Amino acid sequence: MRAVVLVGGFGTRLRPLTNQIPKPMLPIGHRPMIERLVNRLGRGGVTEVVLALGFKPEPFMEAFPGGRCGDVKLTYAVEPAPLDTGGAIKFAANEAGIDSTFVVANGDVLTDLDVGELVAAHRRREAEATLHLIGVEDPSAFGVVALGDSDRITDFVEKPAPGTEPSNLINAGTYVFEPSVLDRIPDNERVSIERSTFPLLVEAGCLYGHATQDYWIDAGRPDLYRAANLDLLVGGRVNDHCEAVSRTATVDAAAIILNSIIGDHAVVAPGARIVDSVLLPGAHVGSAATVEASLVMGRVGEGARVDASMVGADGVVADGAVLTAGTVPEVPAS
Ligand code: GTP
């Protein structure tokens with residue numbers, strides 16, 4: 001079975017981390033997010049993934065030069081201009097010549113979903129499209145569904161106003177489509193699968209849901225990207241975990257690391273304190289500096305204090321400076 005994986009977005013919410021590296025190439029527990037996703041699709045029976053690329057396609061091609069990720073074959077479809085989620089699926093499926101049932105996944109979703117079970121549920125219902133659904137406490141930031149008899153979706157509302165959600169079941173970003181879904185998406189146009197195509201499928205009565213209680217996280221938000229990493233420390237996830245400190249990192253014996261991940265080639269100097277944070281590959285934290293609840297790719301100077309913040313690859317927090325709930329470099333309002 002083939003899958004289209006959407007990885008062409010700008011990743012604006014994770015700026016400045018995504019200034020140099022596209023979101024799905026950022027590490028989760030020392031491995032690129034996309035590698036974890038493709039491996040999981042492979043375990044669920046996917047043999048070939050078409051990466052729907054747009055923003056910064058090169059890092060993906062460089063990371064997988066042989067066109068393979070583990071046992072899964074990779075091909076690339078690069079959009080000439082951003083086509084949004086629906087337009088990107090149509091473009092990638094056309095490029096790859098997809099003409100049978102296929103899987104679609106957002107490139108920033110971390111989950112233990114068994115994709116084989118999603119496909120089996122789709123076939124049982126004889127659906128045109130089946131969405132993986134997850135129950136959450138506050139669904140208003142997501143696409144929310146109402147489920148009718150036999151798991152048929154009777155309403156799909158993208159980001160409803162708080163208090164107006166039809167249920168607490170949200171679109172979890174993994175789908176199974178019949179190729180006929182592609183006929184509902186115009187060629188080479190910006191189309192949102194969530195705002196345009198799903199409502200059309202609801203109207204036609206052929207959109208179904210498959211709700212599970214699997215681990216699930218949308219790693220596109222800074223707090224959730226950090227959580228997706230820290231959940232892999234011992235005790236967080238049932239099926240998966242990672243070492244806190246990469247073997248290639250240099251951490252002084254007089255540094256304190258609490259509930260944090262220290263990435264490849266990161267350096268932590270004597271007396272530094274890293275708490276509830278992720279140091280990404282190449283980060284440098286000076287002596288006696290404190291980093292708390294933050295994501296750091298760049299340099300934190302001696303004695304500096306960084307709290308609830310993001311420091312990009314070319315970001316520098318000066319010696320002794322304090323950064324609270326900020327970004328370095330600053331991210332212009334979009
Ligand atoms: P934000 O800018 O922070 O919202 O992140 P994003 O650009 O990744 O957007 P969002 O998380 O809403 O997108 C969901 C998935 O679709 C992600 O995996 C994106 O990479 C992908 N995506 C969004 N827009 C496009 C597009 O125009 N083309 C392609 N190929 N993928 C897209």
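**Exercise 1.** Find which helix and which strand each supply at least two residues of the lining of the second largest pocket.

*Solution.* Keep in mind that you're looking at a predicted model.
- Start with the elements: helix 1 (33–43) and strand 8 (109–111) each give at least two lining residues.
- Now look at the shares: helix 1 supplies the largest one, 6 residues.
- Next, the size: this second largest pocket has a volume of about 250 Å³.
- It's lined by 16 residues, and R43, T111, D112, R237 and D240 are the closest to its centre.
- Finally, sort the lining by class: you get 5 nonpolar, 4 polar and 7 charged residues.

**Exercise 2.** Work out what takes up space in the largest pocket, and describe the lining.

*Solution.*
- The ligand is what you'll find there: the space it takes is the largest pocket.
- That pocket has a volume of about 1200 Å³.
- Count 41 residues in its lining, with R13, K23, T85, D108 and E194 nearest the centre.
- By class, that lining splits into 16 nonpolar, 13 polar and 12 charged residues.

**Exercise 3.** Zoom in on the ligand and track down its contacts with backbone atoms of L6, G9 and A52.

*Solution.*
- First, the shell: 19 residues surround the ligand, and L6, T12, R13, K23 and E79 are the closest.
- Helix 3 (residues 84–96) brings the largest share of that shell, 3 residues.
- Take the oxygen atoms of the ligand: one is 2.7 Å from a polar backbone atom of L6, and one is 2.9 Å from a backbone N or O atom of G9.
- Then take nitrogen: a ligand nitrogen atom lies 2.9 Å from a backbone N or O atom of A52.
- To finish, check the cover: on its own the ligand has 610 Å² of accessible area, and the protein covers 82% of that.

Key: Residues numbered from 1 in each chain as written. Predicted model: local features only at pLDDT ≥ 70, side-chain atom pairs only at ≥ 80, totals over all residues. Heavy atoms only, no water. Near = heavy atom within 4 Å. Polar contact = N/O pair within 3.5 Å; in protein donor to acceptor, adjacent residues only side chain to side chain. Areas by Shrake-Rupley, 256 points an atom, 1.4 Å probe, with all protein chains shown as cover. 1 Å grid on protein atoms, 1.4 Å probe; cavity = no way out; pocket = protein on both sides within 12 Å on 5 of 7 lines; lining within 4 Å. Sits in = over half its atoms within 2 Å of the grid points. Helix = DSSP H or I, 4+ residues; strand = E, 2+ residues; numbered from the N terminus. Points joined across faces, edges and corners; volume = space filled by probe spheres on them. Nonpolar A, V, L, I, M, F, W, Y, C, P; charged D, E, K, R; others polar.
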